[in-house]
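Hi there,

Here is the structure I promised to pass on to you. Have a look at it first, and then read on for my notes.

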Amino acid sequence: MTITETSAALSVPPAAPADAVAFFPGRLTFQADVSDVRASLDSGHPGFVLVDSRGAAGWQQGHVPGALHLPTADIPARAPDLLDRAVPVITYCWGPGCDGATRAALALARLGYRVKEMIGGLEYWIREGFAIETVGGIEQRPADPLTSPIGSVTCAC
């Protein structure tokens, strides 16, 4: 019996190394993880603008410190006044179950911006233990979205 016959994870075998080398750079071209975004922001010279694409209620409950609030629906009208096309943009929304960051990234790309999506969104930012900014200041939130007030917010993006 082979491993692929006994492993559900390997029922479709992994790609050949050359195929993996061709595939994975594409994912990294379109996505950035929360730890890399945080490290870049902490450097003081991230090289991008971080855009929170959620609605007003989500933004007020908490967002990544230093992010720009630009709801997806407002991108066509407001992006040209807020963003420089020469500076890359990274978008985020609530979490991986929400495609708001993807829709925001598409809207920005259609306007000529170079863009990536922060995978995991604010949910995974919190899960990594990173602080968020609220109207009351900088806060730490519990990682479990079931016990976190921010976890009950609908995306509205």
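Let me start with one pair of strands: β1 and β5 run parallel to each other and are joined over three bridges. In this pairing, Q31 has E117 of β5 opposite it. Please keep in mind throughout that this is a predicted model.

The sheet

That pair belongs to an open sheet of five strands, which pair in the parallel sense and follow the order β1-β5-β4-β2-β3. At its edges are β1 (31–33) and β3 (68–69), each of which has a pairing partner on one side only. As a general reminder, the strands of a sheet pair through backbone hydrogen bonds, in either a parallel or an antiparallel way.

On the other side of β5 in that order comes β4. Strand β4 covers residues 89–92 and strand β5 covers residues 115–119, and the two are parallel, with three bridges between them. Here V89 is the residue that stands opposite V115 in β5.

Helices across the sheet

Two helices are worth a look while you have the sheet in view. Helix α2, residues 17–30, lies across β1 and β5, and its direction makes an angle of about 95° with β5. Helix α6, residues 100–110, lies across β4 and β5 and runs at about 150° to β4.

Which residues of α6 are buried? They are G100, A101, A104, A105, A107 and L108. These residues sit on the same side of α6, because they cover an arc of only 160° around the axis. As for what they pack against, the buried residues of α6 meet α5 (75–82), β4 and β5. Just past the end of α6, G112 has a positive phi of about 100°.

Cysteines

How many disulfides does the structure hold? The count is zero. Two cysteines are still worth noting for their burial. C93 has a relative accessible area of 2%, so C93 is buried. C98 also counts as buried, because its relative accessibility is 15%, and the cut-off for that class is under 20%.

Salt bridges

Side chains of opposite charge can pair when their charged atoms come close. Searching the whole structure turns up five salt bridges, and I describe some of them here.

One of them links the side chains of D42 and R38, with an N to O distance of 2.8 Å. Both D42 and R38 belong to helix α3 (residues 34–42), where they are four residues apart, about one turn of the helix. D42 is exposed, because its relative accessible area is 54%. R38 is partly exposed, with a relative accessible area of 27%.

Another joins the side chains of D52 and R54, at 2.7 Å from N to O. Are these two charged residues buried or exposed? D52 is buried, with a relative accessible area of 0%. R54 counts as buried too, because its relative accessibility is 2%.

There is also a salt bridge between R78 and D74, whose closest N and O atoms are 3.7 Å apart. The relative accessible area of R78 is 34%, so R78 is partly exposed. D74 is likewise partly exposed, at a relative accessible area of 29%.

An exposed isoleucine

The last residue on my list is I138, which is found in strand β7 (residues 137–139). I138 counts as exposed, because its relative accessibility is 55% and the cut-off for exposed is over 50%. Leaving aside residues up to four places away in sequence, I138 touches P65, A131, I132 and E133. The C-alpha atoms of I138 and G62 are separated by 8.8 Å, while the two residues are 76 residues apart along the chain.

That is what I have for now. I hope you enjoy looking through it, and do write back with any questions.

Best wishes

Notes:
Residues numbered from 1 in each chain as written. Predicted model: local features only at pLDDT ≥ 70, side-chain atom pairs only at ≥ 80, totals over all residues. Heavy atoms only, no water. Pairing = 2+ DSSP bridges. Contact = heavy atoms within 4.5 Å. Axes fitted to C-alpha atoms, helices over the stretch in contact; angles between N-to-C directions. Disulfide = S-S within 2.5 Å. Buried < 20%, exposed > 50% of the residue type's maximum accessible area, 1.4 Å probe, protein only. Arc of directions from axis to C-beta. Salt bridge = Lys/Arg side-chain N within 4 Å of Asp/Glu carboxyl O.
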